[in-house]
Amino acid sequence: MNDLDKFREYAHKVVDRMVDYYRNVENYPVKSLVAPGDIYDLFPELPPATGEEMDEILRDFDEKIIPGMTHWQSPNFFAYFPANSSYPSVLAEMLTATLAAQCMIWETSPAAAELEEKMMNWLKQMIGLPAAWEGVIQDTASTATLASLITAREKRSEYRINEEGFSGHERFRIYVSTETHSSIEKGVKIAGFGRSNLVKCKVREDLSFDPEDLRARIEEDLKAGYTPLAVVATLGTTSTTAVDPLREIGEITRAYDLWLHVDAALAGSALILPEYRWMIDGIEQADTFVFNPHKWLFTNFDCSAYFVKDREALLRTFEILPEYLKTSTHGHVNDYRDWGIPLGRRFRALKLWFVIRSFGVSGLQAMLREHLRLAGFIRDEVEKDPSFELMAPVPLNTVCFRYHPENTTEEELDRLNTLLLDKVNRSGKAYFTHTRVKGKYTIRFMIGQTHTREKHVKNAWELIRTVSRSLS
Ligand SMILES: *Cc1c(COP(=O)(O)O)cnc(C)c1O
């Protein structure tokens, strides 16, 4: 299809589909019920030799793609973490797709570079980071964390590892807690530190990083001849949303001159609420910070906000300047290709701009407060019900619990809860996922989907209770 009038016709049809989708999304099974291979086998072995009609493609989208989708935008999605979207964000994504600009340097789209700089400054104020820090949009928190670890490596080695490689250098150590996200381990591997140099410290009763254990492990490593390099603290761990004690960890990193990266992928959004600012008490001691507006700030994936204290260190680590990318403005403007790993970049600031303007800070705050209130409601329900057990504190939007009828062995509890989760998810009415808390199988009730309201949360809780009664 190469005809602009046809494009207009189908663009309108697609918009109608989008609206119908949002209207009907509650009627689809939240978690796709297809089996492995079901979807793959629906498509021909060979690509079409000649072009097909858009009507046919769209019909196949309805019949073959939708049934194989898990509906993250369903208000009954309570699994993993939210992958937020919102109407203003989708509108911006349509325009971004239309412009289809490569925003690698300022000259390849000045508006994209300057709006990104402005949006990072808005976000920085919204979440209360130090005014002197600077921000850049990365695709994911995983990439931002990798960038942070590589910057730590380069700054400490005086940019020599970039030149010479690792051989002959000290054995660096990176410290995390046992609850830290798997992306840190991936980053440690990719950055060349070696997984055996990732030190997993103990957590306290509430599953947050134990600073005493951190100090002890650093001391041990120093005695053994290692070079402690960096610590990653988490605000809102993936399993239970535990919040690491940033001030105490920061004091240790300062005392030993270590790099400190803060992974607030999910929980960073809650910092727009003054009542959650306690989480970044001590942030001035950190070096880098990442959070994902694409998780819990109503902005489509991908949009990860990465903030750094030392912009020069970031640029010195990643800067490249081949002849074909030389411009007269270099050095006077932000060329974001030098602020991270990929060269090519989408215009991602546009959706943030649409979202923040359309809802306003107070609108965003109200939506987050409602999610947090509903999480508090579920926590109370779990605590009130003698056949359920709360498995972790609830500092944010995720309630960890299990079904726990009287006189049941641990082994039997694991089996019962696995069954409960499976039956609930198979009903198609809601979708939950699990974790293990101190080794025990635990169901997570995450409340953060853009369209989730009180009735969805109450219905989902009733569903869990009803299904649990049918198990015994
Ligand atoms: C989701 C999450 C990540 C990974 O985020 P991506 O953007 O998918 O890389 C990392 N850390 C924490 C704490 C998370 O919740």
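Select Thr 180 and show its side chain: in this predicted model, that side chain reaches the backbone nitrogen of Ser 177 at 2.9 Å. Color the neighboring elements and you'll see that Thr 180 sits in the loop between strand 2 (172-177) and helix 7 (182-190). Is Thr 180 buried or exposed? Its relative accessible area is 15%, so Thr 180 counts as buried, the cut-off being under 20%.

Now jump to another loop. Tyr 324 is in the one between helix 11 (311-318) and helix 12. Turn on the surface here: Tyr 324 has a relative accessible area of 70%, so this residue is exposed, which takes a value over 50%. While Tyr 324 is selected, add Glu 406 and draw a line between the two C-alpha atoms. The line spans 71 Å, and the two residues are 82 apart along the chain.

Next stop, the ligand. Which residues come nearest to it? Select Ala 141, Ser 142, Asp 263, Asn 292 and Lys 295; they are the nearest of the 13 residues around the ligand. Color this shell by residue type and you should get two nonpolar, nine polar and two charged residues. Then switch to cartoon view and pick out helix 5 (141-156) and helix 10 (293-296), each of which supplies at least two residues of the shell.

Zoom in on the ligand's oxygen atoms for the polar contacts:

- Ala 141: a polar backbone atom of this residue is 2.8 Å from an oxygen atom of the ligand.
- Asn 292: here a polar side-chain atom lies 2.9 Å from a ligand oxygen.
- Thr 238: an N or O atom in the side chain is 3.5 Å from an oxygen atom of the ligand.

How much of the ligand does the protein cover? On its own the ligand has 390 Å² of accessible area, and the protein covers 90% of that.

Last stop: hide the ligand and go for the largest nonpolar core, which has 59 residues. Good places to start are Leu 123, Phe 289 and Phe 307, the residues with the most contacts inside this core. Then select helix 12 (residues 349-384), which gives the most to the core, with nine residues. To finish, color by domain. Domain 1 (1-31 + 70-86 + 360-472) and domain 2 (102-346) each contribute at least three residues to this core.

Methods
Residues are numbered from 1 along each chain as its sequence is written. This is a predicted model: local features need pLDDT of at least 70, side-chain atom pairs count only at pLDDT 80 or more; totals for chains, interfaces and linings use all residues. Side-chain values use heavy atoms; hydrogens and water are left out. A residue is near a molecule or strand if one of its heavy atoms lies within 4 Å of it. A polar contact is a pair of N or O atoms within 3.5 Å; within protein, one must be able to donate a hydrogen and the other to accept it, and residues adjacent in sequence count only if both atoms are side-chain atoms. Accessible areas come from the Shrake-Rupley method with a 1.4 Å probe; for residues, only the protein chains shown count as cover. Helices (H or I, at least four residues) and strands (E, at least two) are DSSP runs, numbered from the N terminus. Ala, Val, Leu, Ile, Met, Phe, Trp, Tyr, Cys and Pro count as nonpolar, Asp, Glu, Lys and Arg as charged, and the others, Gly among them, as polar. A nonpolar core is a set of buried Ala, Val, Leu, Ile, Met, Phe, Trp, Tyr and Cys residues joined through side-chain atoms within 4.5 Å. Buried means under 20% relative accessible area, exposed over 50%, partly exposed in between (1.4 Å probe, protein chains only). Domain bounds come from an automatic or database domain assignment.
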